[in-house]
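Biologist: I'd like to go through this one with you, asking how each label is earned. Could you take me through it?

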Amino acid sequence: MAALDLAALARDVVKDWLPRAWARQIDLGLDADDHPVMVQGNRLMLTEMLNNLIDNAIRYTPPGGHATVRATADPFEPFAYLDVEDTGPGIAPADRERVMERFYRVLGTNTEGSGLGLAIVREIVQQHGGEVSIDDHVYQQEPRLAGARFRITLRRPAPELSA
Ligand SMILES: Nc1ncnc2c1ncn2[C@@H]1O[C@H](COP(=O)(O)OP(=O)(O)OP(=O)(O)O)[C@@H](O)[C@H]1O
Ligand SMILES: [Mg+2]
């Protein structure tokens with residue numbers, strides 16, 4: 001664990017995924033603060049976590065959709081947020097706990113996968129003392145897709161008191 005900038009990490013990982021996103025006709029974007037979002041974390045593990053979330057966003061969102069990664073610091077609370085959201089089918093509330101379990105896959109996605117990605121995400125977040133939540137992201141009429149938003153909440157170290 002070391003001090004690292006979540007916004008810079010998000011920028012680097014998103015850049016790596018751009019070719020694969022374009023190939024799938026997904027508009028992958030970054031929405032990061034200009035200033036650093038400092039957390040205590042393990043760079044390799046957090047990169048792996050983000051890889052799994054972006055992989056899902058790109059894999060389950062139909063071509064023509066959007067995926068956005070956002071790193072923000074809560075201005076009033078000691079928390080940092082890493083959000084990965086997409087305009088795909090979303091995850092039904094009843095499945096939100098279970099998708100984080102190993103080998104669980106929602107039926108009817110027609111997409112290959114082993115059901116391990118989110119279990120790895122959960123493990124990494126737990127090792128960082130953080131939390132994962134899943135929400136809807138968008139409400140569209142045509143096509144009617146809920147979108148998914150994964151939010152990782154990590155604790156920010158208290159800023160050092162300036163002398
Ligand atoms: N962004 C998303 N939008 C819609 N459904 C999703 C999304 N992310 C995950 N899911 C659902 O949750 C299930 C579990 O995801 P998870 O990443 O754990 O496994 P996987 O993608 O099936 O396989 P892999 O081990 O290759 O990641 C998926 O099969 C899919 O049904
Ligand atoms: Mg996956």
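Modeller: Gladly. This is a predicted model, and we can begin with valine 69, which touches Ala10, Val14, Leu28, Gly29, Leu30, Asp31, Leu50, Ile54, Leu82, Asp83 and Val84, leaving aside residues up to four places away in sequence.

Biologist: What makes these residues count as touching valine 69?

Modeller: Contact means heavy atoms within 4.5 Å, and each residue on that list meets this for valine 69. Val69 is also among the residues with the most contacts inside the largest nonpolar core, together with Leu6, Leu28, Met49, Leu50, Ile54 and Leu82. That core has 38 residues. Two or more residues each come from helix H1, H2, strand S4, strand S5, helix H3 and strand S7, and H1 gives the largest share, eight residues.

Biologist: Why is asparagine 52 called buried?

Modeller: Buried means under 20% relative accessible area. Asparagine 52 has 12%, so it is called buried. Its place is in helix H2, and it touches Gly117, Ile120 and Val121, again not counting residues up to four places away in sequence. Other buried residues of H2 include Leu46, Met49, Leu50 and Ile54.

Biologist: How do you know that the span of H2 is close to the expected one?

Modeller: H2 runs over residues 43-60, which is 18 residues, and reaches 26 Å from its first C-alpha to its last. The expected value at 1.5 Å a residue is 26 Å too.

Biologist: And what makes the pairing of asparagine 42 with leucine 44 a polar contact?

Modeller: The limit is 3.5 Å between N or O atoms. At the start of H2, a side-chain oxygen of asparagine 42 comes to within 3.1 Å of the backbone nitrogen of leucine 44.

Conventions. Residues are numbered from 1 along each chain as its sequence is written. Chains are lettered from A and ligands numbered from 1 in the order in which they are written. This is a predicted model: local features need pLDDT of at least 70, side-chain atom pairs count only at pLDDT 80 or more; totals for chains, interfaces and linings use all residues. Side-chain values use heavy atoms; hydrogens and water are left out. Helices (H or I, at least four residues) and strands (E, at least two) are DSSP runs, numbered from the N terminus. The expected span of a helix is 1.5 Å times one less than its number of residues. Buried means under 20% relative accessible area, exposed over 50%, partly exposed in between (1.4 Å probe, protein chains only). A polar contact is a pair of N or O atoms within 3.5 Å; within protein, one must be able to donate a hydrogen and the other to accept it, and residues adjacent in sequence count only if both atoms are side-chain atoms. A nonpolar core is a set of buried Ala, Val, Leu, Ile, Met, Phe, Trp, Tyr and Cys residues joined through side-chain atoms within 4.5 Å.
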